[in-house]
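I opened this notebook page to record what I looked up in one structure. I began with the whole chain and then turned to a single helix.

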Amino acid sequence: MTATPGGTAPLAGHPAARVGFGAMQLPRHADKERSVAVLRHAIDLGVNHVDTAEFYGFGYANDVIRRTLRDGDNVIVVSKVGADPDPDGPVPLKLAQRPEQLRASVEANLRSLGTDTIPLVNLRRTDGGPGVRATGDQLVDLDDQLAVMTALRDEGKIGAIGLSGVTLDVLQRALPAGIACVQNAYSLVARDDEKLLELCTAENIAWVPFFPLGGAFPGMPKVTDEPVVLETAARLGVTPAQIGLAWLLHHAPNVHLIPGTADLGHLDANIAAGAITFDAETLAALDAVPSRSSQISLG
């Protein structure tokens with residue numbers, strides 16, 4: 001058992017294992033008790049950072065977290081706002097960027113998690129990276145959004161504010177509000193946000209990459225297709241996905257991973273990636289993999 005998978009780094013003022021758990025895939029199980037068993041296994045392996053959202057399975061993931069956590073687990077639950085469930089829409093999500101929608105989303109997360117405070121809530125904007133772009137009344141000024149997020153923090157409903165889907169200039173504008181975390185699409189093969197990561201490192205802001213292996217949408221490159229990744233994995237006796245995750249941990253000290261899975265075997269493999277080490281030559285070879293754009297808009 002690894003006490004702190006991947007080692008420990010600060011997250012919203014808490015010491016967090018650098019390999020966490022993303023709850024997005026838990027709703028794949030119709031059997032909620034099976035989902036509880038997966039999350040419980042992660043916590044028993046030392047994971048104390050769980051990433052979720054009310055719109056993951058329309059409250060399913062949050063309910064699993066509420067059922068799983070026990071007194072003394074000391075798990076840092078991180079949620080996000082900026083989108084709401086839309087089960088009758090063309091896709092099951094809709095943007096919810098307006099201040100009153102952000103507050104309502106935080107309240108919904110509090111209810112489904114069964115808690116009075118969420119340690120960290122990320123504001124999911126649509127400034128950069130793959131995904132939809134805000135239009136119409138969903139084009140909301142950053143200052144208006146930060147005002148309600150700051151108020152929620154002052155009220156004790158959230159412990160810290162994070163940002164997601166942002167550009168360098170947006171983060172720079174947001175810094176005076178006190179930003180604890182940035183979640184952006186980032187991987188070995190999609191490093192558009194390198195300067196943003198450098199700013200986060202300098203400001204002691206946690207960097208939590210989503211799509212850490214690329215390839216989430218058609219046209220996005222995949223880490224596991226890279227020849228040097230495949231060769232390194234074969235030589236070290238691990239999987240290409242583990243190489244992609246381990247590289248992120250080596251790349252910057254403030255990186256936290258939240259790989260998601262509903263499978264116990266994949267969970268064990270993700271946790272094990274935190275123990276992989278690279279010699280200087282291997283790391284240099286991986287660093288030399290060219291970055292390709294992850295800026296894919298879905299509308």
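The entries below go from the overall fold to one helix and its surroundings.

Entry 1, the model. I noted at the start that this is a predicted model.

Entry 2, secondary structure. I counted ten helices and eleven strands in the chain.

Entry 3, overall dimensions. I looked up the extent of the C-alpha trace along its principal axes and found about 50 × 40 × 40 Å. I then checked the radius of gyration, which is 18 Å; a compact globule of 299 residues would have one near 19 Å, so the chain agrees with that expectation.

Entry 4, burial and surface. I found that 52% of the 299 residues are buried. The chain exposes about 12500 Å², and 54% of that area comes from carbon and sulfur atoms.

Entry 5, contacts. I took the contacts between residues at least 6 apart in sequence; of these, 75% join residues at least 24 apart.

Entry 6, charges. I listed 24 positive and 35 negative charges in the chain, and their mean positions lie 3 Å apart.

Entry 7, helix α2. How many of the nine residues of α2 are buried? I found seven in this helix, which covers residues 60–68, so α2 is largely enclosed by the rest of the structure. I wrote down the buried ones as Tyr60, Ala61, Asn62, Asp63, Val64, Ile65 and Thr68.

Entry 8, the cover over α2. Which elements cover these buried residues? I found that the cover includes two helices, α1 (32–44) and α3 (99–113), together with the strands β4 (49–51) and β5 (76–81).

Technical notes
Residues numbered from 1 in each chain as written. Predicted model: local features only at pLDDT ≥ 70, side-chain atom pairs only at ≥ 80, totals over all residues. Heavy atoms only, no water. Helix = DSSP H or I, 4+ residues; strand = E, 2+ residues; numbered from the N terminus. Rg over C-alpha atoms; globule rule 2.2 N^0.38 Å. Buried < 20%, exposed > 50% of the residue type's maximum accessible area, 1.4 Å probe, protein only. Contact = heavy atoms within 4.5 Å. Areas by Shrake-Rupley, 256 points an atom, 1.4 Å probe, with all protein chains shown as cover. Lys, Arg positive; Asp, Glu negative; His and termini not counted. Charge placed at Lys NZ, Arg CZ, Asp CG, Glu CD.
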